[in-house]
Amino acid sequence: MLQRALLGLALAATVWLAACGGSDGPTTRQPTVAGAAQALVTARDAAPQRRALAVAGTVDPVDAAEQLMNYGEVQFPEYFPGHPASGDALGYRYRYYEATGIYLGVKDGQVYVLGGLFGAEIRPVGALTQYITPQPRVLSTLCAQTGATHDVFSTPNAAVGRNAGLVIAGCSGAIDTPRWTQTAGPAVTLPADKTQAISFDPPQAGSYAFQLNFTAPDGTPRSQAVSLDVAAGDGAEAGITVRASHAVRMGGKVSVRAWPRLPSGDEVKAVTWTQVEGPAVTLDTSTSRLAVFTAPQVTRDTLVRLRATLHTTAGRMASDEVIVLVERHNQAPASDTNAVWNGDHVARVYPYVANGPYAAVLRRCSYDAATWHSGSKANLCTLGTLPFLAQTSQGGIPSVEQVMARVLVSHDWLGRNFENFLRTHDTRGDFRRMLNSVTAVVLSTHIRPSFYFPATGAIYLDGDSFWLTPEERDTMNEAPDYRSDFGDGLQYETMWRYVRGSQNIFAFFDPRQRITRTLDDVHNEAGWLMFHELGHALDYTPPSSYATLNPAHTVLDSFLPRWDAYQLTSDTVPAAFPLSSTPMKDLGRVRFRGETATAAQKAYTPAQVAGFFSADLATDDYSYTTSFEDIAMTLEEFLMQRRLGIRRDFAIVDAFDSDTTSSSSVIVRWGQRGRVGEALIKPRVREIVRQLAPWADEAEVDQLPAPIAMRVGESWGANLDQAAIPRRQRLASEPPTLDEMARFQRELQTMQRLRHAHRAGGAGPLHKLH
């Protein structure tokens with residue numbers, strides 16, 4: 001048995017070596033089992049003469065051992081399952097695999113096994129270089145020079161087909177106003193040219209030169225020429241590119257994605273991730289092509305570098321590295337209750353219109369961690385410093401230019417796409433009218449989820465709604481927003497979507513593909529979201545209040561009298577048209593506030609919940625979170641249907657496992673399309689429209705058609721086409737395809753952009769509204 005196990009491992013290794021060019025024989029033909037066995041005998045007898053794989057530079061022995069053990073876990077999981085921690089003993093770097101009782105170790109460049117099927121003696125199984133070509137770890141010397149105020153770093157060994165990145169770090173303080181301009185070399189796209197890091201895919205070998213302008217830590221404007229030499233690709237059939245190198249403030253969420261390139265007939269077996277530099281971070285690689293982590297706390301701008309290694313089913317390997325610059329930037333501590341942004345991560349942004357009338361104050365007033373609403377440090381801006389847009393437009397329809405003068409962005413492309421969205425898809429002026437009730441619009445790749453903040457009077461939008469090109473998408477942070485297991489144990493779930501005709505407006509954009517979207521896609525992704533967040537803004541600052549706005553007041557001053565007198569629309573409408581279902585209110589606290597479900601609540605069937613909900617006045621069960629969400633949800637659905645011709649589906653379905661489900665297997669137990677048109681709900685809709693959107697005319701509420709009932713017992717997917725006859729149900733033996741599951745995950749992500757927990761105690765004047 002032992003000899004057979006050893007033979008199996010060595011045989012597998014020989015097959016891999018032959019496939020990858022590690023032997024002296026031909027590399028283009030896969031050997032037969034008989035041929036591999038003969039090669040094993042030959043390799044054993046001629047081991048000292050075997051040509052080792054070329055090593056690309058000096059590799060630290062410990063790092064090489066780690067790479068070998070990572071390789072072993074991918075190629076031979078039957079022997080080396082999982083990813084245990086490494087240890088050192090008697091000169092060996094090793095890992096112990098408890099499930100199989102096997103040790104895998106490296107000493108002096110040789111690979112050894114012990115335990116389990118391999119027996120009680122340490123056994124050599126070949127040189128490390130017979131299995132892998134270890135990759136060198138080129139450590140940076142960033143800010144190593146004594147007295148340096150700043151320093152630059154670029155991708156080591158840059159080559160075509162791999163990521164190319166350059167960063168500028170502040171060594172003695174913060175870098176401000178960075179701007180990169182290409183001055184030489186093949187033209188490349190720089191979607192992040194005003195950040196401390198740029199990243200691009202070099203189209204060909206050559207020298208790429210850039211002019212970097214920035215404000216040094218001492219406040220001095222500086223300019224520096226920076227260049228990067230890119231080598232030709234290695235010509236390998238398989239490769240991998242990691243995108244994108246970027247900068248993030250400490251404490252921020254980070255994601256980078258690996259993009260394999262494969263020859264015909266080969267497939268991805270695994271993508272493994274290794275940190276090669278920087279303070280240790282905990283990598284979430286549950287989605288193998290995506291690495292997510294939280295930027296660590298640092299004492300100065302610091303590099304975190306990751307390496308992704310591709311392993312294919314044919315035994316090919318390739319790797320690439322990515323740079324993440326962690327910026328030293330103090331956030332407001334959660335313990336400081338006087339801080340506006342206490343406990344929150346404030347990302348780097350800048351005015352989209354650099355010479356706009358409010359460019360000098362936008363960031364300070366809207367998105368600065370050093371802002372306090374009370375106490376000795378209180379420094380909220382007055383409306384004389386940054387007024388509501390209504391004070392500039394005199395309550396009329398603001399021009400696009402007036403709106404864009406209030407926009408802060410993390411990347412220029414966000415401002416450009418947002419502006420094009422307004423010019424193309426706001427021809428009736430609805431969005432701009434609603435924007436009268438904000439002081440600023442903040443668009444960032446690190447805002448997730450979107451929200452309105454009463455303390456600043458600004459809305460904060462997730463950049464994922466606005467990307468158009470693959471290069472723009474590369475700059476997006478894919479770290480998931482808040483996810484909750486609130487409501488676990490209940491027998492039901494709720495679903496929603498927007499439809500035009502019989503088409504779901506939310507398309508699936510496979511993150512594994514280099515996709516280009518249109519402005520119509522942006523409209524579908526962002527329109528409903530803006531209606532919702534701006535609905536919150538109107539609740540706090542309705543059109544009826546514009547004439548009384550005082551330049552000497554802060555945003556808080558402007559609405560607190562109405563807040564204290566319970567005169568917000570979210571006060572008056574629920575008082576006149578209350579939600580009356582006690583079971584739904586109680587379930588709302590479970591599903592959206594984190595309370596523990598009672599035994600009685602766990603026993604509710606979907607049909608019972610449907611009875612509770614359908615007799616009440618809410619348009620979505622999220623309305624039971626707070627009265628603020630109730631008003632915003634209702635106004636959003638009305639405007640989507642009456643102004644854009646898009647109707648909303650809402651359904652109560654059987655509980656499901658989101659990891660193994662698709663829309664074709666979720667069964668509807670009750671549902672409606674266009675619930676906002678329900679006769680009993682129309683009076684409260686009319687009052688909301690009268691108070692918050694008077695330009696839409698409350699008479700339009702009467703024109704809302706009656707809702708369409710969904711077909712109970714059919715799937716959520718089948719109910720998309722309400723004109724269709726009942727469809728054949730998916731059999732239990734027909735599991736969803738991977739594509740169906742991926743599309744359903746995207747649908748769930750869209751639904752959860754609003755559905756997350758509020759802070760204990762509910763929303764208040766200093767709480768964000770989503």
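# Reading buried residues, ring pairs and strands

User: Is Phe200 buried or exposed in this structure?

Analyst: Phe200 has a relative accessible area of 3%, so the residue is buried, since the cut-off for that class is under 20%. Please keep in mind throughout that the model is predicted.

User: Phe200 belongs to strand 9; how should I read the two faces of that strand?

Analyst: One asks which residues lie on each side and whether they are buried. In strand 9 (residues 197-200), Ala197 and Ser199 are on one side, Ile198 and Phe200 are on the other, and all are buried, so both faces are covered.

User: Which strand is joined to strand 9, and by how many bridges?

Analyst: Strand 7 (residues 164-170) is joined to strand 9 by 4 bridges, and the two run antiparallel. Within this pairing, Ala164 has Phe200 as its bridge partner.

User: How many aromatic pairs are there, and how should I read one of them?

Analyst: The count comes to 36 aromatic pairs. Phe200 and Tyr208 provide an example: their ring centres are 5.3 Å apart and their planes stand at 40 degrees, so the pair is tilted. Tyr208 is buried, with a relative accessible area of 0%.

User: What are the distance and the plane angle for the rings of Phe421 and Phe466?

Analyst: For Phe421 and Phe466 the centres are 6.2 Å apart and the planes are at 80 degrees, so this pair is edge-to-face. The pair links distant parts of the chain, 45 residues apart: Phe421 is in helix 7 (residues 412-425), and Phe466 is in the loop between strand 23 (458-462) and helix 9 (470-474). Both Phe421 and Phe466 are buried.

User: Which residues do ring pairs link into a cluster?

Analyst: The cluster consists of Trp341, Tyr367, Phe451, Phe453 and Tyr460. Two of its names, Tyr367 and Tyr460, return when one turns to the nonpolar core.

User: What is the general idea behind a nonpolar core?

Analyst: In soluble globular proteins, nonpolar side chains tend to be buried together. Here the largest nonpolar core holds 110 residues, and those that touch the most other members are Tyr367, Phe418, Val441, Leu443, Tyr460, Leu635 and Phe638. Helix 10 (residues 519-540) contributes the largest share of this core, 10 residues. A second, separate core has 23 residues, among them Val248, Met250, Val281 and Ala308.

User: What does Tyr367 touch outside its own stretch of sequence?

Analyst: Not counting residues up to four places away in sequence, Tyr367 touches Trp341, His345, Val346, Ala347, Val349, Leu362, Leu408, Val442, Ile447 and Tyr460.

User: How does one read burial along a helix?

Analyst: An α-helix has 3.6 residues a turn, so residues three or four places apart point the same way. In helix 17 (residues 682-692), the buried residues are Lys682, Arg684, Val685, Ile688, Val689, Gln691 and Leu692. Their cover includes helix 10, helix 12 (569-576) and helix 16 (627-644).

User: Charged residues can be buried as well. What surrounds Arg95?

Analyst: Arg95 is found in strand 2 (residues 92-97). At 2% relative accessibility, Arg95 counts as buried. Its side chain makes polar contacts with the side chain of Glu66 at 2.6 Å and with that of Asn70 at 2.9 Å. Leaving out residues up to four places away in sequence, Arg95 touches Glu66, Met69, Asn70, Glu73, His83, Pro84, Ala85, Ser86, Ile102, Tyr103 and Leu104.

User: Is Arg243 buried or exposed, by its relative accessibility?

Analyst: Arg243 counts as buried, at 14% relative accessibility. The residue is in strand 12 (residues 239-243), and its side chain makes a polar contact with the side chain of Asp201 at 2.7 Å. Beyond neighbours within four places in sequence, Arg243 is in contact with Asn163, Asp201, Val256, Arg257, Trp259, Asp474 and Arg514.

User: Where does the charged end of Arg514 sit?

Analyst: The charged end of Arg514 sits over the ring of Trp259, 4.7 Å from the ring centre. Arg517 lies over the face of Trp467, at 3.9 Å from the ring centre.

User: In what order do the 5 strands of the open sheet stand?

Analyst: The order is 25-24-26-27-28, with antiparallel pairing. Strand 25 (503-504) and strand 28 (708-709) are at the edges with a single partner strand each, so one side of each has no neighbour in the sheet. Strand 28 is joined to strand 27 (residues 668-673) by 2 bridges, and Arg673 stands opposite Ile708.

Definitions and conventions:
Residues are numbered from 1 along each chain as its sequence is written. This is a predicted model: local features need pLDDT of at least 70, side-chain atom pairs count only at pLDDT 80 or more; totals for chains, interfaces and linings use all residues. Side-chain values use heavy atoms; hydrogens and water are left out. Buried means under 20% relative accessible area, exposed over 50%, partly exposed in between (1.4 Å probe, protein chains only). A polar contact is a pair of N or O atoms within 3.5 Å; within protein, one must be able to donate a hydrogen and the other to accept it, and residues adjacent in sequence count only if both atoms are side-chain atoms. Contact means heavy atoms within 4.5 Å. Rings of Phe, Tyr and Trp (its six-membered ring) pair if their centres lie within 6.5 Å; planes under 30 degrees apart count as stacked, over 60 as edge-to-face and the rest as tilted. A charge sits over a ring if NZ of Lys or CZ of Arg is within 6 Å of the ring centre and within 35 degrees of the ring normal. Two strands pair if DSSP finds at least two bridges between them. A nonpolar core is a set of buried Ala, Val, Leu, Ile, Met, Phe, Trp, Tyr and Cys residues joined through side-chain atoms within 4.5 Å.
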